[in-house]
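Reader: Hi! Could you walk me through this one while I have it open on my screen?
Author: Happy to, let's take a look together.

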Amino acid sequence: GLGIPAEPLFRSSYPIKPEYEFKCPFIHNDYIEDRAFKELQAINLTEGEIFREPDFLWRVVENAQLKVEYIDMGEDFFGEYSYAEKTIYLNSREHNSGQIARERFTLAHELGHHFLHANILRQYNYTAADDQDTFNNAGSSNQQTRYFESQANKFASCLLMPGDLVMRYANKVMQQLNIHKGYVYDDAQYSPSKGLFNHHTALQFVESVANQFRVSKEAARFRLKELKLLREEKAPEKPLFMI
């Protein structure tokens with residue numbers, strides 16, 4: 001989330017804008033997707049490395065000339081981005097608990113604040129501290145703040161799960177699951193050809209993608225729905241016609 005630091009992080013040469021003028025700039029999803037891809041290109045990341053090296057995010061951090069520090073942020077917060085210190089803070093409690101997928105998404109989310117929001121944060125003398133609520137875009141009554149968090153989540157999703165790679169991998173999984181329509185239903189219908197309910201097949205699909213890209217199942221589900229590879233269409237209660 002976005003919060004005013006207790007003390008100014010730096011001395012600005014121009015007046016800091018008042019909080020009531022705070023506006024999140026509109027950033028198109030296509031731009032966020034492209035920006036994340038460019039950051040992967042900048043470190044010459046190969047497709048295989050995304051799958052084999054879960055630490056590739058640290059190469060993005062280094063290339064952006066940022067620092068990462070682990071501090072005890074209590075139970076409520078995951079991470080924080082400080083534009084003035086060019087530092088991402090990660091909660092040492094999360095790190096010590098072994099929540100690797102959670103930590104990777106937090107780091108990618110804070111990178112999103114850096115690449116998308118550094119200039120606007122500087123204008124308002126804000127820093128970005130994130131907890132469970134802000135990751136769910138519900139951490140503030142301020143709609144502008146929720147826009148910031150949504151954009152950072154989108155960037156994190158694109159950085160960890162590049163669209164083209166997800167599409168290619170998802171198609172392989174669908175072939176293994178004997179699905180040929182280009183997407184997976186997540187509903188209560190029974191599929192005689194697979195001997196499973198669609199919901200169970202969808203769970204397998206999501207889990208496979210999550211494991212491949214080393215993200216949580218929640219993050220994988222969000223990305224698959226965004227790419228229209230996972231759909232939650234409801235079956236009609238009664239047949240539309242009888243044969």
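**Helix contacts, a pocket and some odd residues**

Author: Lys154, Ser157 and Cys158 in helix H7 meet Phe222, Arg223 and Glu226 in helix H10. Contact here means heavy atoms within 4.5 Å, and helices (H or I, at least four residues) and strands (E, at least two) are DSSP runs, numbered from the N terminus. This is a predicted model, where local features need pLDDT of at least 70, side-chain atom pairs count only at pLDDT 80 or more, and totals for chains, interfaces and linings use all residues. Residues are numbered from 1 along each chain as its sequence is written, and side-chain values use heavy atoms, with hydrogens and water left out.

Reader: What residue classes are in the contact of H7 with H10?
Author: That contact has 2 nonpolar, 1 polar and 3 charged residues. Ala, Val, Leu, Ile, Met, Phe, Trp, Tyr, Cys and Pro count as nonpolar, Asp, Glu, Lys and Arg as charged, and the others, Gly among them, as polar.

Reader: And at what angle do the axes of H7 and H10 cross?
Author: Roughly 90°, with the axes of H7 (residues 143-160) and H10 (residues 217-226) coming within 11 Å. The axes are lines fitted to C-alpha atoms, for helices over the stretch in contact, and angles run from 0 to 180 degrees between N-to-C directions. H7 and H10 are therefore roughly perpendicular to each other. Angles of 65 to 115 degrees count as roughly perpendicular, under 35 as roughly parallel, over 145 as roughly antiparallel, and the rest as oblique.

Reader: Which residues of H9 meet H10?
Author: Leu203, Phe205, Val206, Glu207, Val209 and Ala210 in H9, and they meet Lys217, Ala220, Arg221 and Leu224 in H10. By class, the residues of this contact are 7 nonpolar, no polar and 3 charged. The axes of H9 (residues 198-213) and H10 come within 8 Å and cross at roughly 105°, which makes H9 roughly perpendicular to H10.

Reader: Nice. Which residues of H10 are buried?
Author: Ala219, Ala220, Arg221, Arg223 and Leu224. Buried means under 20% relative accessible area, exposed over 50%, and partly exposed in between (1.4 Å probe, protein chains only).

Reader: What follows H10?
Author: Lysine 228 does, with a positive phi near 60°. Lysine 228 sits in the loop between H10 and strand E9 (230-231), and is exposed, with a relative accessible area of 55%. Asparagine 178 also has a positive phi, of about 60°, although it is not a glycine. Asparagine 178 lies in the loop between H8 and strand E6 (184-185), and counts as partly exposed at 42% relative accessibility.

Reader: Back to H7: is glutamine 151 buried or exposed?
Author: Glutamine 151 counts as buried, at 8% relative accessibility. Leaving out residues up to four places away in sequence, glutamine 151 touches Cys24, Pro25, Phe26, Ile27, Ile32, Leu116 and His117.

Reader: Switching topic, how many residues line the second largest pocket?
Author: There are 17 in the lining, of which Phe37, Pro162, Gly163, Asp164 and Leu165 lie nearest its centre. H1 gives the most, with 5 residues. On a 1 Å grid over the protein atoms alone, a pocket is an open set of points where a 1.4 Å probe fits, with protein on both sides within 12 Å along at least five of seven lines; lining residues have an atom within 4 Å of a point.

Reader: And the whole chain, how many helices and strands?
Author: The chain has 10 helices and 9 strands, and 46% of its 243 residues count as buried.
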